[in-house]
Amino acid sequence: MPALASITSSTMDLDDLTRVLLIGSLVLLVAVAAVRLSVRSGLPSLLIYLGIGLALGNAGAGIQFDDASITRVLGYAALVLILSEGGLTTSWSNIKESVAPAAVLSTVGVVVSVLVVAVAAHTLLPLSWTISLLMGAIVSSTDAAAVFAVLRNVPLPKRLSGMLEAESGFNDAPVVILVVAFAAQGVPGGTADPWWVLLLHAAVELVGGAVIGGAVGWLGGQILHRVAGASSALFSIGVVALTVLAYAVGAALHVSGFLATYLSALVLGNMGLPNRVAFQSFANALGWIAQIGLFVLLGLLADPTRLGEQLVPAIVIGLVLLLVARPLSVVASVSWFKVPWRDQLFLSWAGLRGAVPVVLATVPLVVGTPDTEWIFDLVFMLVVIFTIVQAPSLPWVAKRLGLNEQVHSVDVDLESTSLMQISADVIQVTVGPESRLHGVAVFELRLPKGANVTLVVRRGEGFVPEPHTTIRHGDQLLVVTTSRVKQRTEQRIREISRGGRLAGWP
């Protein structure tokens, strides 16, 4: 369609703007409706958004788009917003015990994964060592958007969900460093730095990004708390702007801007700022827009006529990544922390790939690494195929490994800040078919002072319980608790769920 193709021209008029707004609004509406399908199927919505991009591209509606440089720039911008949303909505209490193993998994684990995939690519495809290492680096990062989306639907123990959240937030930074370095080495005339120089450079960038992220988050939060007005909307803009500032400062100083973004957002989201629900909701909305736009853009850049050529190589690399590289990286990283083998198995299967590898596949095209056009197609196919394989199976895998958790914190969209003012949280409890909460009266829970069961939902009907209300299988309970006794409350409910009403008695 010439009219649609003209959208990508260098000049725009009001007619072009009208077409852009028409297509953009329709894409967003379809994307919003697609979330329901995503929840039912268990597939991350990224696949639907990629499909929208393919449908709008050369083989579909005819929008001409093949600019890898613009894709990389807009992709980085989208990743900043996605990492910002991930940090702002992550509870430090949920991940603090998992930060150390997640940090090792995001560094040592990445190196192990890169090396294993590189050996396989060099041996099986075969490729040069430089391109093999580049391929290993591109596919070694788990995707924050995909992980956060799946975790919302799989109730995991806090230690495990925290590790996955922290890893997906941390590992973008070292992977970007490695991809840029290997892509530059593949350019004609490029020189390969010794491995120790590359590791030292990566360490400096990561430490610098961590320092800047922590400083911008804490100082910015203190200033914003003092100067911001009463408008929650303006306050939300200020909070997100600080996370973007952290990336810009980090990138300007040639350290990891992505790590700076995530850590600044993590600090801001957990320092007790007012209007927390408002700025988390705002960040969540921006994160969704970034995800939708990014995946549609990547779908536009892909050429369906070339994707089939990389089907077999994508399956080969994906199987090596899923069955060899990821498990080895998990064992080499978290075994030191005495992580149970069931958790390690789930971590191995839950290393979801998404937008990050596909965006990074544009890096060699931008820097001029020769004969690497096929990498984008291979990574695109790998992400699609293995997302279809892994994502829907995660609830089943968690259940088979006995990792389903029946007590977990939930986000509640409240415009009132009353809960925040008393430092309170909401816990959702699902009484499973084997839970010994069945038959226990509310007063027999003996919850800590500051916690109370405020609502019971039974067979779709909600009611406020009395002290002698008996809990039944299938009930959903909402427990309001002050932050000070939240962990004790969760522990108490778990004890009774496993041991019955007498659990915890001397």
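This passage describes pockets, cavities, a surface patch and salt bridges in a predicted model.

A good place to begin is the open space in the structure. The second largest pocket holds about 750 Å³. Its lining is made of 27 residues, and those closest to the centre of the pocket are Val 20, Gly 293, Val 296, Leu 297 and Leu 300. Three helices give two or more residues to this lining, namely α2 (14–41), α4 (68–88) and α14 (276–301). Helix α14 makes the top contribution to the lining of the second largest pocket, with 8 residues. In terms of residue class, the lining of this pocket comprises 22 nonpolar and 5 polar residues, and no charged ones.

Closed spaces were examined next. The model has 5 cavities of 30 Å³ or more. The volume of the largest cavity is about 60 Å³. Its walls are formed by Leu 105, Gly 109, Val 110, Ser 113, Ser 140, Glu 167, Asn 171, Arg 326, Ser 329 and Arg 353. Two or more of these lining residues come from each of α6 (99–124) and α16 (311–334), and the largest share, 4 residues, belongs to α6. The lining of the largest cavity divides into 2 nonpolar, 5 polar and 3 charged residues. For anyone setting the two spaces side by side, charged residues are part of the lining of the largest cavity, whereas the lining of the second largest pocket has none.

Two of the residues around the largest cavity, Glu 167 and Arg 326, also take part in a salt bridge with each other, at 2.7 Å from N to O. Because Glu 167 belongs to helix α9 (residues 158–170) and Arg 326 to helix α16, this pair ties together parts that are 159 residues apart in sequence. Both partners, Glu 167 and Arg 326, are buried. The pair thus combines a place in the lining of the largest cavity with a contact between two helices.

In total, the model contains 8 salt bridges, and some of the others are worth a visit too. Asp 16 is paired with Arg 19, and the closest N and O atoms of the two are 2.3 Å apart. Both residues sit in helix α2, 3 residues apart, which is about one turn of the helix. Helix α2 is also one of the elements that contribute to the lining of the second largest pocket. The two partners fall into separate accessibility classes: Asp 16 has a relative accessibility of 6% and so counts as buried, while Arg 19 counts as partly exposed because its value is 24%.

A similar arrangement is found in helix α23 (residues 486–499), where Arg 492 and Glu 495 lie 3 residues apart, about one turn of the helix. Their side chains meet in a salt bridge with an N to O distance of 3.4 Å. Here Arg 492 is the buried partner, with a relative accessible area of 9%, and Glu 495 counts as partly exposed at 31% relative accessibility. Beyond these pairs, a network of salt bridges links Asp 303, Arg 306 and Asp 377.

On the surface, a nonpolar patch of about 750 Å² is built from Val 111, Leu 115, Trp 195, Trp 196, Leu 199, Leu 200 and Val 204. Helices α6 and α11 (195–227) each supply at least two residues of this patch, with the largest share, 5 residues, coming from α11. Helix α6 therefore appears in two settings, as a contributor to the lining of the largest cavity and as a supplier of the nonpolar patch. One member of the patch, Leu 200, is located in α11. With a relative accessibility of 51%, Leu 200 counts as exposed, since the cut-off for that class is over 50%.

A contrasting case is Ala 361, which is placed in the loop between α18 (355–360) and α19 (363–367). Ala 361 counts as buried because its relative accessibility is 0%. The C-alpha atom of Ala 361 lies 8.8 Å from that of Glu 373, a residue 12 positions away along the chain.

Methods: Residues numbered from 1 in each chain as written. Predicted model: local features only at pLDDT ≥ 70, side-chain atom pairs only at ≥ 80, totals over all residues. Heavy atoms only, no water. 1 Å grid on protein atoms, 1.4 Å probe; cavity = no way out; pocket = protein on both sides within 12 Å on 5 of 7 lines; lining within 4 Å. Points joined across faces, edges and corners; volume = space filled by probe spheres on them. Nonpolar A, V, L, I, M, F, W, Y, C, P; charged D, E, K, R; others polar. Patch = residues over 30% accessible without salt bridge, like charges linked within 9 Å, V, L, I, M, F, W, Y side chains within 5 Å. Areas by Shrake-Rupley, 256 points an atom, 1.4 Å probe, with all protein chains shown as cover. Salt bridge = Lys/Arg side-chain N within 4 Å of Asp/Glu carboxyl O. Buried < 20%, exposed > 50% of the residue type's maximum accessible area, 1.4 Å probe, protein only.
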